[in-house]
Amino acid sequence: TRSLSITSVDQSMFEKAQGEKVTLPCTFVLSEDDEGPLDIEWVLIPADNQKKEQIIIMYAVDRIYNHYYAAMTGRMQFTNPDPRSGDGSLDILNLKSADTGTYQCKVKKAPGVQSQKIQLTVLVKPARTKCSIEGSQEIGKDVILKCASQEGSPLLSYDWRRVSGTQELPTTSMLNKNTGELLLKNASQDYSGTYNCVASNRVGTDECSVELNVTPPINTAGIISGAIIGTLLGLSVLAFLVFSCCKKHREKKYEKEVHHDIREDVPPPKSRSSTARSYIGSNRSSLGSMSPSNMEGYTKTPYSQVPSEDFERTPSQNPTFAPSKVAAPNLSRMGAVPVMIPAQSKDGSIV
């Protein structure tokens, strides 16, 4: 008994890049004995056998139903708007890596039933590839050129080439295509130039470049000596500044202490008038204790001025004294101030 058969069995595996479009084929031929309604289904078979198949799109009773799978809404359609023509192929637009999986096309027209599975793999092209240099770029050193893509489905492969000079890699170079590392042993100035890395997988490529500049060794001894000398000079300047600050601080402290001692310990000087009064008062008390008999031997010497306001009188009030026969003592040796000495009159009274 003849029944419908699927004719698109040439290709069962597809590899596409992310963002591209794929057409999953599903063509069929009907038989005269197939009298039932035509039913076409596309389902996604999960990798986990425990999960159920997910219907993606369906044609039944002369209508298309494409609202079953939200992840592909707006991105899938039948290749032929009328699948009854024998073409039930499926177009998927703007592919994503999550679209990777096994798809099955089922065609039913009673009593005939046929199906076909297709494996789809969505790969990501290499992107954001970066080149870098590891190690010292000095003559005689080992230098490693690194290359790595931030995006891209495995398996990624890396290849280095020189785009300047001889355009050939140095004879001492060692390339690892899986990791993207190019080792240049015992580098010389001839190794200097521009190097290009190409990252690739089955769906695309991406590139990056790096500039290598091999230079003579740096005089590290001179740099270290200069750093030490600079450090010592800096410490010397710092020590001098600290010493100067401490010295100024001690001087200011000494000035404050001396000024404080003068203000607190030394009494203020006395005025001339108070000194004269105290000096005359002391001599006056000592002379007042002398009796008239003890004073006969002193000669009264007139003075025109007395250094105290207690003895200031008008000329009419000044008494006259007779000179004594006894020589006046040396008052400067006694430490006394010259004063007026009372004398005894003829009748014996003291004036």
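The legends below walk through several close-up views of a predicted model.

**View A. How confident is the model along the chain?**
The protein chain has a mean pLDDT of 79, with 71% of its residues at 70 or more. Confidence is highest in strand E9 (residues 90–92), at a mean of 97, and lowest in helix H3 (residues 331–334), at 44. Two stretches deserve a careful eye: pLDDT stays under 50 over residues 278–329 and again over residues 331–337. The model has 54 contacts beyond four places in sequence for residues 278–329, and 12 such contacts for residues 331–337. Where pLDDT is low, the predicted coordinates should not be read in detail.

**View B. An open sheet of 6 strands.**
Following the sheet across, you meet its strands in the order E2-E11-E10-E5-E6-E7, and the pairing is mixed. Strand E2 (13–17) and strand E7 (63–65) are the edge strands, each pairing on one side only. On average, neighbouring strands of this sheet are turned by 20° against each other, direction ignored. As a reminder, strands of a sheet pair through backbone hydrogen bonds, either parallel or antiparallel.

**View C. The E6 and E7 end of the sheet.**
Strand E6 (residues 54–60) and E7 run antiparallel and are joined by 3 bridges. Here you can find Tyr59, whose bridge partner in E7 is Ile64. The loop between E6 and E7 holds Val61. Val61 has a phi near 50°, which is positive even though the residue is not glycine. With a relative accessible area of 66%, Val61 is exposed.

**View D. The largest nonpolar core, with Tyr103 in the picture.**
This core has 27 residues, and those touching the most other members are Leu24, Trp42, Ile56, Ile92, Tyr103, Val107 and Leu120. Several strands each supply at least two of its residues, including strand E3 (22–24), strand E5 (39–45), strand E10 (101–109) and strand E11 (112–123). Apart from this core lies another, of 18 residues, among them Val143, Leu156, Leu182 and Ala187. Beyond four places in sequence, Tyr103 touches residues including Leu24, Trp42, Ile56, Met72, Ile92 and Leu120. In soluble globular proteins, nonpolar side chains tend to be buried together.

**View E. Asn201 and its partners.**
Is Asn201 buried or exposed? Asn201 sits in strand E17 (residues 193–201), and it counts as buried because its relative accessibility is 13%, under the 20% cut-off. The side chain of Asn201 reaches two backbone oxygens: that of Val124 at 2.8 Å and that of Ser153 at 3.1 Å. Leaving aside neighbours within four places in sequence, Asn201 is also in contact with Lys125, Pro126, Gly152, Leu155 and Leu156, among others.

**View F. Backbone details in three loops.**
Most residues other than glycine have a negative phi, and most peptide bonds are trans. Against that background, look for the cis peptide bond joining Ala110 and Pro111, with omega about 5°. Pro111 is placed in the loop between E10 and E11. Another cis peptide bond runs from Pro154 to Leu155, with omega near 5°, and Leu155 lies in the loop between strand E13 (143–151) and strand E14 (157–162). Asn94, in the loop between E9 and E10, is not a glycine yet has a positive phi of about 50°. Asn94 is partly exposed, with a relative accessible area of 45%.

Methods
Residues are numbered from 1 along each chain as its sequence is written. This is a predicted model: local features need pLDDT of at least 70, side-chain atom pairs count only at pLDDT 80 or more; totals for chains, interfaces and linings use all residues. Side-chain values use heavy atoms; hydrogens and water are left out. Helices (H or I, at least four residues) and strands (E, at least two) are DSSP runs, numbered from the N terminus. Buried means under 20% relative accessible area, exposed over 50%, partly exposed in between (1.4 Å probe, protein chains only). A polar contact is a pair of N or O atoms within 3.5 Å; within protein, one must be able to donate a hydrogen and the other to accept it, and residues adjacent in sequence count only if both atoms are side-chain atoms. Contact means heavy atoms within 4.5 Å. Two strands pair if DSSP finds at least two bridges between them. Axes are lines fitted to C-alpha atoms, for helices over the stretch in contact, and angles run from 0 to 180 degrees between N-to-C directions. pLDDT is the predictor's confidence in each residue, from 0 to 100. A nonpolar core is a set of buried Ala, Val, Leu, Ile, Met, Phe, Trp, Tyr and Cys residues joined through side-chain atoms within 4.5 Å.
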